[in-house]
Every structure is written in structure tokens, then in C-alpha cells.
Amino acid sequence: MRCVYTRSRLSLKRTQLYKVIPPVMEELKAKARSLGLWNLFLGQDYKEGAGLTNLEYSLIAELTGRSIRIAPEAMNCSAPDTGNMEVFAKYGTPAQKKKWLEPLLDGKIRSAFAMTEPAVASSDATNIETNIRREGNEYVINGRKWWISGAGDPRCAVYLVMGKTDPENKNKYRQQSLVIVPAGTPGITVVRPMTVFGYDDAPEGHCEIVFHNVRVPVENIILGEGRGFEVIQGRLGPGRIHHCMRSIGMAERGLEYMIARVTDPSRRTFGKNLAQHGTVIQDIAISRIEIDQTRFLVLNAAKRIDEVQAKGALKEISMAKIATPSMLLRVLDRAMQAHGAAGLSQDFPLAAFYAGARTLRYADGPDEVHMNQLGRVELRRATEISERIKAQKRKTEELILNAKL
């Protein structure tokens with residue numbers, strides 16, 4: 001099926017890439033749904049979901065990562081729809097769920113999440129400048145967004161747009177709101193698709209979009225004015241784990257390509273098969289270790305979310321989010337090196353995997369943000385650690401004194 005999908009894409013002209021969906025995708029979606037492999041990402045907290053724990057779904061997400069462009073969508077488990085569906089399921093009104101969540105759950109439409117902006121450092125979401133102003137029974141939206149994944153898809157019917165409804169609020173975390181914007185609303189201009197190392201990721205794409213005097217009814221607010229931060233934090237916890245587990249699947253596939261390449265009898269250098277060179281053997285061993293280490297880290301984070309919810313698992317989520325993309329990049333780099341120039345080409349998925357993996361060091365918060373959060377969590381233990389060390393020292397002195405040494 002992967003070959004059928006790829007050939008369908010290659011047969012399209014450049015101008016068709018953002019207009020045509022390979023028919024095989026709908027066939028795969030129908031088959032997945034008939035097998036019960038549908039909306040598995042929505043966990044036990046949602047009546048619309050399949051009832052899996054985050055730990056259970058993580059194992060499935062790893063398998064879908066092996067075919068990253070096809071399997072998640074075929075099972076209606078692909079970003080950004082997963083996060084957006086969680087927003088509607090968790091925070092949406094009955095009317096919002098009826099209009100947007102139901103067709104998303106059915107796989108009839110797709111969606112996009114519009115937060116990142118070119119004019120500010122968007123890794124700090126308090127910098128977001130898009131203005132959302134209330135006029136009577138409408139919100140008027142003005143701003144420029146970019147890297148809006150999914151916005152190029154002809155099936156994208158709705159945007160969730162982050163902006164400021166109260167920019168003068170002294171609490172900088174209460175300035176933002178999230179509003180529902182139908183994709184066909186007047187005033188929306190999709191300026192261009194962005195590329196990642198030259199890859200356009202069509203048809204979904206990552207687009208730059210201008211919102212100019214875009215009007216939506218006040219009923220399109222999510223949860224209420226000033227609660228945008230609350231919503232996006234609730235959206236990102238499990239989603240980060242989904243990305244990480246799909247990345248494990250990509251890493252496993254990259255390692256398999258490497259093993260197949262270096263054991264190919266036709267691949268010989270300096271009188272040896274590639275697999276007989278010590279550096280190659282070492283690279284395979286290191287990749288095996290790193291993949292398994294990271295998998296356990298991610299599964300632990302998923303288990304922790306199941307136990308204490310995402311808010312109580314910030315440390316574990318941060319560790320997984322920091323470690324996984326960098327691990328994947330290292331594994332893919334070794335696999336590409338073993339393939340020589342072919343590793344950079346379209347004949348293998350390694351280069352495309354690498355481009356996608358590099359974006360994950362930014363997506364859902366850059367590494368630096370997660371490291372800062374993780375470091376602060378660890379520093380909270382400072383007083384406890386100091387007291388324990390002092391107690392140990394007192395006990396040691398007491399034992400020495402009693403022993404009359």
C-alpha cells in the first residue's frame with residue numbers, strides 16, 4: 001500500500017499536490033475502521049474514544065510510525081487532528097462537538113492549529129500577537145501565522161486560532177484565547193506552503209496564513225476568553241507522547257534499513273562486506289541501545305500520564321520529548337551514512353524521515369523549553385536533598401562519636 005500511495009503522489013503535477021488525495025487512502029481508512037483500528041488515540045477519559053490507556057496506545061503509535069505518512073491518517077490518528085479532536089472532546093460545547101468533532105471523528109474533514117507566528121519568538125506563547133477583538137456578537141481576527149500543519153489539505157475545514165483577546169491583562173497567561181475559524185471564512189489567505197529541507201509534505205503542508213478582519217460568531221470561543229493557555233496545555237500532554245512513540249517506529253525502520261544495507265553481499269569495501277567493518281557493527285549496537293533506552297523512557301511517561309494525568313507527569317513528558325527526536329536523528333544519520341549517497345536520495349525514506357525528525361525538536365515546544373522545565377522540576381528537590389545530606393552527616397558524626405574513634 002505504501003508503494004501505491006507513493007506512486008499516486010509522484011504521478012501528480014506540481015499544481016495538483018495540494019488538491020488531490022490518493023484514492024488508496026480512503027480505501028485504507030475504510031479497512032482500518034472495519035477492523036476497529038479507528039480513533040485509538042482518544043483514551044479512557046473520552047466517551048468518543050476506544051478506551052485504551054496512554055500506555056496501550058503508545059505501543060500502537062510506534063507501529064504507525066513505521067509508515068509515518070500513511071498509517072496514522074489511515075487510522076484517523078494523525079496530527080494535528082488528534083490534538084484538535086482532544087480540544088473539542090475535552091472543552092467543546094455540545095454545538096461545537098456536533099459541528100466539528102463528529103466529522104473529525106468520522107474522518108470526513110481535517111483541521112489545523114494556528115499558533116506560531118513569523119514576527120515573534122513563538123516558543124514563548126505569551127509573545128503571540130494575533131489580535132482577537134470582540135465586536136457585538138462577533139470576534140474579529142487579525143494576524144499572520146506560519147508553519148500551520150494541515151492547512152494545505154483540501155479537506156481542512158476548520159482552524160483553531162490562538163490570539164489575544166485581552167492584551168493588557170496583567171496576567172500574561174490570561175491574555176490569550178482560542179477560537180474556531182471555519183476554513184472558508186472571508187479574510188483568510190493561505191500565502192504559501194513552507195518546506196522542510198525542501199520537502200513540502202503535501203497535501204497537508206505547513207502553511208503561512210494571513211487573517212485579515214476575519215469574523216466569527218462569539219459562540220466559536222473555546223472554553224471562554226482568556227483561557228487559551230489552559231486549553232493548549234491540556235492539548236499537548238498526550239500528543240507529545242504520540243509523536244515520541246511514532247518516532248520510535250521510525251527509528252526501528254531506519255535501523256532495519258541499515259542492517260539490510262550492510263548485509264547486502266554486493267556492498268563490499270576494502271575487501272569486506274560492510275557488516276564486517278568494526279565501525280558499522282558499533283553503529284548498529286549503539287542504535288539498538290539508544291532506541292530501547294528511549295522507548296522505555298517514553299513508555300514510562302505514558303504510564304505516568306495514566307496514573308496522574310499529564311499535569312502530574314511534566315517531568316516524564318519533558319524527558320521523553322527531549323530525548324526522542326535527538327535519538328531518532330542519530331539513528332537515521334548512521335543509517336544514511338551506511339547507505340552512502342543513496343541515503344540522501346528519494347530511493348529510500350531515510351532523508352525524508354530525517355527532515356521530519358528535525359522538526360520535532362521544535363514541535364510542541366522546543367528542546368530548550370522542555371529542558372528548562374525539567375531542570376526547574378529537579379531543582380525543587382534542592383531543600384529535601386540538602387536536609388538529607390545534613391542528616392546523613394549528623395548520623396555519621398554520631399556513629400563516630402559513639403564508636404570513640
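The legends below accompany an overall view and several close-up views of a predicted model.

**Figure 1. Overall view of the chain, which comprises twelve helices and nine strands.** The C-alpha trace spans about 85 × 70 × 40 Å along its principal axes, and the radius of gyration of 24 Å agrees with the value near 22 Å that a compact globule of 405 residues would have. Buried residues make up 49% of the 405 residues, and, of the contacts with a separation of 6 or more, 72% join residues 24 or more positions apart. The accessible surface comes to about 20,200 Å², with 56% of that area belonging to carbon and sulfur atoms. The side chains include 58 positive and 45 negative ones, and the centres of these two sets lie 2 Å apart.

**Figure 2. Close-up of helix 2 (residues 24-34), with its buried residues Val 24, Met 25, Leu 28, Lys 29 and Ala 32.** Because these residues cover an arc of only 140° around the axis, they lie on the same side of helix 2. The face turned away from this buried side carries the exposed residues Glu 27, Lys 31 and Ser 34. Just after helix 2, Gly 36 takes a positive phi of about 80°.

**Figure 3. Close-up of Pro 325, a residue of helix 9 (residues 314-339).** Pro 325 counts as buried because its relative accessibility is 2%, below the 20% limit for that class. When neighbours within four places in sequence are left aside, Pro 325 is in contact with Ala 320, Ala 357, Leu 360 and Arg 361. Tyr 354 is 29 residues from Pro 325 in sequence, and their C-alpha atoms are 9.6 Å apart in space.

**Figure 4. Close-up of two cis peptide bonds, one from Ala 79 to Pro 80 and one from Ala 202 to Pro 203.** Most peptide bonds are trans. The bond that leads into Pro 80 has omega near 0°, and Pro 80 is found in the loop between helix 4 (71-74) and helix 5 (81-91). For the bond that leads into Pro 203, omega is near 10°, and Pro 203 lies in the loop between strand 6 (188-194) and strand 7 (206-217).

**Figure 5. Close-up of Gln 309 and Asp 364, non-glycine residues with positive phi.** Most residues other than glycine have a negative phi. Gln 309, with phi of about 70°, is placed in the loop between helix 8 (278-308) and helix 9, and its relative accessibility of 44% makes it partly exposed. Asp 364, with phi near 55°, lies in the loop between helix 10 (350-359) and helix 11 (367-379), and at 22% relative accessibility Asp 364 also counts as partly exposed.

Notes. Residues numbered from 1 in each chain as written. Heavy atoms only, no water. Helix = DSSP H or I, 4+ residues; strand = E, 2+ residues; numbered from the N terminus. Buried < 20%, exposed > 50% of the residue type's maximum accessible area, 1.4 Å probe, protein only. Contact = heavy atoms within 4.5 Å. Rg over C-alpha atoms; globule rule 2.2 N^0.38 Å. Areas by Shrake-Rupley, 256 points an atom, 1.4 Å probe, with all protein chains shown as cover. Lys, Arg positive; Asp, Glu negative; His and termini not counted. Charge placed at Lys NZ, Arg CZ, Asp CG, Glu CD. Arc of directions from axis to C-beta.
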